[in-house]
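User: Please take me through this structure with a few questions and answers.

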Amino acid sequence: MIDLTPYLRRGDRIVFGQACGEPVSLVSALIEQGAGIGDLSAFIATSFSGLFTPDSADSFRLSSMGAIGALRSMTKAGKLQVIPIHVSQVAPMITAGIIGCDVAMIQLSPADADGNHSCGLIGDYVRAAVDKARVVIAEINEAVPYVPGELIPASAIDVAIPVTRPPVEVAPAKISEIDEAIARHCAAYIGDGSVIQTGVGAVPDAILRLLGDGLVELAEAGVLTNARKEIDTGVSINGALIGTRRLYDWAHNNPAIRMCATSYTHDAAVLGRLSRLVTINSALEVDLTGQVNAEQSGAAYLGGTGGQVDFVRAGARSPGGCSIIALSASAKGGSLSKIVPSLSGPVTTARSDVDIIVTEYGAAELKGQTLAERTRRLIAIADPAFREELERAAHIIQQRGY
């Protein structure tokens, strides 16, 4: 076990690398030793490792931008402090000291011949944390691929911990018939030369499989070429690689992929240079005017803000592109409609930004439509079992126009 006590002080604020770039050995050590150091707090944007549990939360206070990945049990137990923040804002807030970063704990690949470590499977806010921290503790993991793009020089690392252990993996989501139906409606908006942004989950997986058979297969089949992009021609730009060993092996030393910080991947000026950009994101529910909730269902916090708003705006404004919010029409075995009269949680994406909503029943193109027309289009893609109820709820909006 790594001894962290020489490097941490009581009251330190820690920032972890996230997703499949989570430094598992360092997290495990902090869980074991944190209580003895005292008054520690930590931030991680997402986690898929399963290490953060209500029991482990006694070692330090944990905050996040949502209950994404394996953090849902923490919110259910009241042990996770949620910061409503777009993922593009995390790095600037670390830099500004709004999200405290006395210690950065990150996972990197082995160094290249010049002494530079690849960020490997995660780019996003890693560099911001390294630049801000008093102490940078890095797992140098022999099993992490060296992915071109965001690099950390050895000189920026205060404590290097060599490890050899499999990075966190996220298995492909099980794709249902409903997911396939949603994906077919989404695929109708993806033409030759499109630039695609997707999140993680069954619907994005189903879309990629419709186009080919997943990201790696698309590239190997020559379907994913990036040949017609106005910028970064020939290269796939990523902020996070979330998947399995096959994806990691494919990314290792692959010049056709580049890991970048969110200051690039989510930047409005950068995204604004792309035509035919199709962005696909998910939601928990959508109300009859097009407001999107991707965070909370009643008292249960289930998702997060993530990068949705950045990409919704970019796709909707891209010449020849579009922005899609994809969700199933109902939940809990068909007993709960996800097209609703009013949201049960916060507004993640405003109706003024929303472009297209897709369910297994079709696509509702909302951009430029009146509120009354939006209600009609959304009811048409709702679960038929709820359409009469939604028609009654929409009557006032349709009568007065708002």
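The turns below cover ring pairs and one sheet.

Analyst: This is a predicted model, in which local features need pLDDT of at least 70 and side-chain atom pairs count only at pLDDT 80 or more, while totals for chains, interfaces and linings use all residues. Residues are numbered from 1 along each chain as its sequence is written, and side-chain values use heavy atoms, with hydrogens and water left out.

User: What kind of aromatic pair do F16 and F60 form?

Analyst: Rings of Phe, Tyr and Trp (its six-membered ring) pair if their centres lie within 6.5 Å; planes under 30 degrees apart count as stacked, over 60 as edge-to-face and the rest as tilted. The centres of F16 and F60 are 6.3 Å apart, with 55 degrees between the planes. The pair is therefore tilted.

User: Which residues do ring pairs link into a cluster?

Analyst: F52 and F60 also pair, at 6.3 Å centre to centre and 85 degrees between the planes, which is edge-to-face. Both of these residues, F52 and F60, are buried (under 20% relative accessible area with a 1.4 Å probe, protein chains only; exposed is over 50%, partly exposed in between). The cluster is F16, F52 and F60.

User: Which strands stand at the edges of the sheet with the order β15-β14-β21?

Analyst: Strands are DSSP runs (E, at least two residues), numbered from the N terminus, and two of them pair if DSSP finds at least two bridges between them. This open sheet of three strands has mixed pairing. Each edge strand has a single partner strand, so one side is left without a neighbour in the sheet. The edge strands are β15 (292–293) and β21 (339–340).

Conventions:
Helices (H or I, at least four residues) and strands (E, at least two) are DSSP runs, numbered from the N terminus.
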